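Visitor: I have a protein model open and would like some help finding my way around. Could we go through it together?
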Amino acid sequence: MGVNHLESLQDLYATHLYQTQNREKMATMTMKMPIEEPAAVSHTSRYALPVEPQDNGTNSGPLLLSHGDPTGFKPFWRSVGDHCKVTFNSCDFMSYLTDVGKVCWFLEKDLEESIRELHRTVGNAVTEDRYIVVGTGSTQLFQAALYALTTPGGLEPVNVVSAAPYYSQYREETNFLRSGLYKWAGDAYAFDTEGAYIELVTMPNNPDGQVREPVVANRNDGKLIHDLAYYWPQYTPITTRADYDLMLFTFSKSMGHAGSRIGWAVVKDKDVAIKMTKYVELNSIGVSRESQHRAAKILGVVSDSSQCIGTDFFRYGKSLMAERWTKLREVISISRVFSLPKYIEEYCHFSGEHTKPRPAFAWLKCNHANIEDLEIFMRGYKIMVKGGSLFGADPNQVRISMLGDEETFNLFLERLSSIKDTIDNNETCI
């Protein structure tokens with residue numbers, strides 16, 4: 001295994017040298033053979049703000065609630081002080097290589113240990129006798145998983161499905177590279193095509209927070225990817241130790257550290273883990289070692305019960321999310337315009353109490369007959385959200401992030417209340 005990894009890296013260097021020496025020739029070839037851009041792909045960043053909407057009485061800029069930037073956890077990590085401080089020397093981590101004798105040869109040992117210990121502490125996933133593959137966020141690992149589960153390919157691309165409402169980026173990420181190995185096939189509830197398929201199961205679900213199971217039933221030709229980004233105590237009761245063939249997790253949503261760009265996969269099958277590692281190797285030649293050590297330090301501290309930081313963090317996160325959901329439901333309860341999903345109370349093995357989910361996103365529905373596209377309507381009040389059609393659902397629904405900073409969340413509640421008051425006072429305004 002180690003020799004193969006080294007030979008692979010040598011091949012990459014040789015390819016780079018060849019491309020440098022033949023740059024002019026390759027440029028000429030590129031001009032003669034232009035590549036057609038994928039018709040269904042948008043190159044606009046999902047984080048770009050749209051043109052400033054009409055003021056409508058608001059006194060500040062747009063509220064970007066369309067993506068789950070977890071800055072709401074920042075006050076807790078600020079309070080921790082130096083407990084999670086990491087210091088590097090200028091000569092540290094200069095090599096690509098970490099341990100060429102392991103399946104995931106760029107995975108830092110202390111990160112692997114911290115990941116396994118964290119899952120044991122929380123009790124949300126089985127990691128014994130499993131392979132850990134690290135990636136630059138779970139987005140890269142999602143692509144790696146698709147590659148691993150469809151290689152070496154067949155006569156037709158493998159269909160990729162997920163039950164609506166599904167995570168909005170699944171469709172774009174699946175189709176972006178126009179791979180001949182796989183293709184997006186839409187809503188799993190409507191899928192009835194014969195042949196191989198991959199079903200994406202997000203639990204708890206993004207965008208609506210519901211607990212999910214596979215929906216393509218009684219098929220022996222399918223494979224599953226379980227996206228467990230939000231299966232943590234601050235968002236949902238931990239009812240069991242997840243034990244699936246391929247599970248994806250992310251440092252972003254578990255701890256709130258999105259900028260470190262660390263995700264990990266827990267994989268049963270060695271061959272799948274090897275293929276996922278190969279994808280990451282060719283895509284980015286590993287994962288930032290500095291980011292891995294920062295993640296390892298934070299996960300390690302959270303798992304260390306003697307420091308109580310882990311208990312405090314999940315208690316803080318649970319309290320924060322519960323408080324925000326209570327405030328949101330209070331605003332919604334006095335409105336004839338909007339409604340939210342209902343969740344059942346379940347026993348959480350981590351906290352030792354019965355509790356309801358507190359999802360990272362609010363799946364808001366508009367009940368007013370004259371408002372057909374809720375995303376566009378809310379933009380008029382400078383509330384930037386994601387519309388239901390992106391999730392395979394109706395446009396009278398939107399996904400709203402509950403993870404932002406306190407000021408943004410409170411402004412959101414104010415503007416949501418103003419929408420209700422405007423409609424109550426002047427039905428003809430819509």
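What follows is a conversation about the fold, one sheet, and a few side chains.

Guide: Before we start, please keep in mind that this is a predicted model.

Visitor: Okay, how many helices and strands are in the protein chain?

Guide: The protein chain has twelve helices and 15 strands, and of its 430 residues 49% are buried.

Visitor: And what share of the contacts with a separation of 6 or more comes from residues 24 or more positions apart?

Guide: Such residues, 24 or more positions apart, account for 75% of those contacts in the protein chain.

Visitor: What about the surface, how much does the protein chain expose?

Guide: The exposed area is about 20,900 Å², and carbon and sulfur atoms supply 51% of it.

Visitor: Let's look at a sheet. In which order do the seven strands of the open sheet come?

Guide: The order is β2-β8-β7-β6-β5-β3-β4, and the pairing in this open sheet is mixed. At the edges lie β2 (131-135) and β4 (182-187), each of which pairs on one side only, and from one strand to the next the twist averages 25 degrees.

Visitor: Which helix packs on that sheet?

Guide: That is helix α5, made of residues 137-150, which touches β2, β3, β4, β5, β6, β7 and β8, and whose direction makes about 165 degrees with that of β7.

Visitor: You said mixed. Do β2 and β8 run parallel or antiparallel?

Guide: They run antiparallel, and five bridges join β2 to β8, which covers residues 263-267. To see one partnership on your screen, find I132, whose bridge partner in β8 is V266.

Visitor: Then where is the parallel pairing, and how many bridges join β5 to β6?

Guide: Six bridges join β5 to β6, and these two strands run parallel; V201, for instance, has H226 in β6 as its bridge partner. The parallel sense is also found between β6 and β7, which pair over two bridges, and there D227 has L248 in β7 as its bridge partner.

Visitor: New topic: how many aromatic pairs does a search of the whole structure find?

Guide: The search finds 24 aromatic pairs. One of them is formed by W325 and Y343, whose ring centres are 6.0 Å apart.

Visitor: Why does the pair of W325 and Y343 count as edge-to-face?

Guide: The planes of the two rings stand at 90 degrees, and angles over 60 count as edge-to-face, so this pair belongs in that class. The pair also links distant parts of the chain, since W325 belongs to helix α10 (residues 309-333) while Y343 is in the loop between β9 and β10, 18 residues apart.

Visitor: Are those two residues buried or exposed?

Guide: Buried means under 20% relative accessible area, so W325 at 5% counts as buried, and Y343 at 9% is buried as well.

Visitor: Which charged residues sit over rings?

Guide: Among them are R324, which lies over the face of F409 at 5.0 Å from the ring centre, and R399, whose charged end sits over the ring of F361, 3.8 Å from its centre.

Visitor: Last one: where is N396?

Guide: N396 is in the loop between β14 (386-387) and β15 (397-401), and with a relative accessible area of 17% this residue is buried. Leaving aside residues up to four places away in sequence, N396 touches L364, K365, C366, I371, E372 and L374. From C-alpha to C-alpha, N396 and D373 are 5.2 Å apart in space, although 23 residues apart in sequence.

Key. Residues numbered from 1 in each chain as written. Predicted model: local features only at pLDDT ≥ 70, side-chain atom pairs only at ≥ 80, totals over all residues. Heavy atoms only, no water. Phe/Tyr/Trp six-rings, centres within 6.5 Å; stacked < 30°, edge-to-face > 60°. Helix = DSSP H or I, 4+ residues; strand = E, 2+ residues; numbered from the N terminus. Buried < 20%, exposed > 50% of the residue type's maximum accessible area, 1.4 Å probe, protein only. Lys NZ or Arg CZ within 6 Å of the ring centre and 35° of its normal. Contact = heavy atoms within 4.5 Å. Areas by Shrake-Rupley, 256 points an atom, 1.4 Å probe, with all protein chains shown as cover. Pairing = 2+ DSSP bridges. Axes fitted to C-alpha atoms, helices over the stretch in contact; angles between N-to-C directions.
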